[in-house]
Amino acid sequence: MEPRVNLSKSDPAAYAALLAMNKAASDSADAAGIDPKLRELLKVRASQINGCTYCLRMHTRDALKLGESTDRLALVSAWADSEYFTAVERAALALCESITLVSVDHVPHGVYTMARAVLSDEQISAVAWLSAAINMFNRVAITSRYPVKP
């Protein structure tokens, strides 16, 4: 594969700002009571949609370290057709997917209504910021072609 500019190294100030935004999003998720395993599932799902192998591998490993089951990780791409996920997880995953695919459906009213039914305003905000952060990381890693080696 042809080498590309590593965006995180070529503009460390911009990357530091992304890291700071991600930390703020994680802190907000903590304050809102978003389970750390759910945070990783959101990152896995967005990375699946975006095709970011680097982030997908990282967050799958992080989820496993937190005690997430291999069954749930295997089914996160089909969460809507599975009984493995709670109402809160389903709402967060739906919202994350819609934010990731914002150019397709602009976060439809039905998805937002589903989220409002089971998530607090703080949790909706946290899921949105976590989704924005992982989507940014996916774009940096994909554009830079971060290597993924066994």
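Tutor: Buried means under 20% relative accessible area. Keep that cut-off at hand, and note that this is a predicted model.

Student: Why is Cys96 called buried?

Tutor: Its relative accessible area is 1%. The limit is under 20%. So Cys96 counts as buried.

Student: How do you know that Cys96 is in no disulfide?

Tutor: A disulfide needs two cysteine sulfur atoms within 2.5 Å. For Cys96 the nearest cysteine sulfur is that of Cys55, 12 Å away. Therefore Cys96 is in no disulfide under that cut-off.

Student: What makes Cys52 free of a disulfide?

Tutor: The same test applies. The sulfur of Cys55 is the nearest one to Cys52, at 3.5 Å. The limit is 2.5 Å, so the pair does not count. The structure holds 0 disulfides. Cys52 is buried, at 1% relative accessible area.

Student: Why is the pair of Tyr15 and Phe137 called edge-to-face?

Tutor: Two values decide. The ring centres are 6.1 Å apart, and the pairing limit is 6.5 Å. The planes meet at 80°, and over 60 degrees counts as edge-to-face. So the pair is aromatic and edge-to-face.

Student: What does the pair of Tyr15 and Phe137 tie together?

Tutor: Tyr15 lies in helix α2 and Phe137 in helix α9, so the pair links parts 122 residues apart in sequence. Phe137 is buried at 13% relative accessibility. Tyr15, at 23%, counts as partly exposed.

Student: Which residues form the other edge-to-face pair?

Tutor: Tyr54 and Tyr146, with 5.0 Å between centres and 80° between planes. Tyr54 sits in helix α4 and Tyr146 in the segment after α9, so parts 92 residues apart in sequence are tied together. The count comes to 2 aromatic pairs.

Student: Why is Tyr54 called partly exposed, while Tyr146 is called buried?

Tutor: Tyr54 has 25% relative accessibility. Partly exposed runs between the 20% and 50% limits, so Tyr54 belongs there. Tyr146 has 14%, which falls under 20%. Tyr146 is therefore buried.

Student: How do you know that Lys23 and Asp27 form a salt bridge?

Tutor: The N to O distance is 3.0 Å. The limit is 4 Å, so the pair qualifies. Lys23 and Asp27 are 4 residues apart in helix α2, about one helical turn.

Student: What makes Lys43 and Glu40 a salt bridge?

Tutor: The closest N and O atoms are 3.7 Å apart. That is within 4 Å, so the pair counts. Lys43 and Glu40 both lie in helix α3, 3 residues apart. Lys43 is buried at 10% relative accessibility, and Glu40 is buried at 8%.

Student: Is the salt bridge partner Arg116 buried or partly exposed?

Tutor: Arg116 is partly exposed, at 45% relative accessible area. Arg116 bridges to Asp121, with closest N and O atoms 3.3 Å apart. Asp121 is also partly exposed, at 47%. Separately, salt bridges with shared partners join Glu68, Arg72 and Glu89 into one network. The count comes to 7 salt bridges.

Student: Which residues have the most contacts inside the largest nonpolar core?

Tutor: Ile34, Leu42 and Leu95, in a core of 36 residues. Helix α9 gives the largest share, 8 residues. Beyond its neighbours within four places in sequence, Leu95 contacts Val107, Val111, Ala115, Ile124 and Val127.

Definitions and conventions. Residues numbered from 1 in each chain as written. Predicted model: local features only at pLDDT ≥ 70, side-chain atom pairs only at ≥ 80, totals over all residues. Heavy atoms only, no water. Core = buried A, V, L, I, M, F, W, Y, C linked by side-chain atoms within 4.5 Å. Buried < 20%, exposed > 50% of the residue type's maximum accessible area, 1.4 Å probe, protein only. Helix = DSSP H or I, 4+ residues; strand = E, 2+ residues; numbered from the N terminus. Contact = heavy atoms within 4.5 Å. Phe/Tyr/Trp six-rings, centres within 6.5 Å; stacked < 30°, edge-to-face > 60°. Salt bridge = Lys/Arg side-chain N within 4 Å of Asp/Glu carboxyl O.
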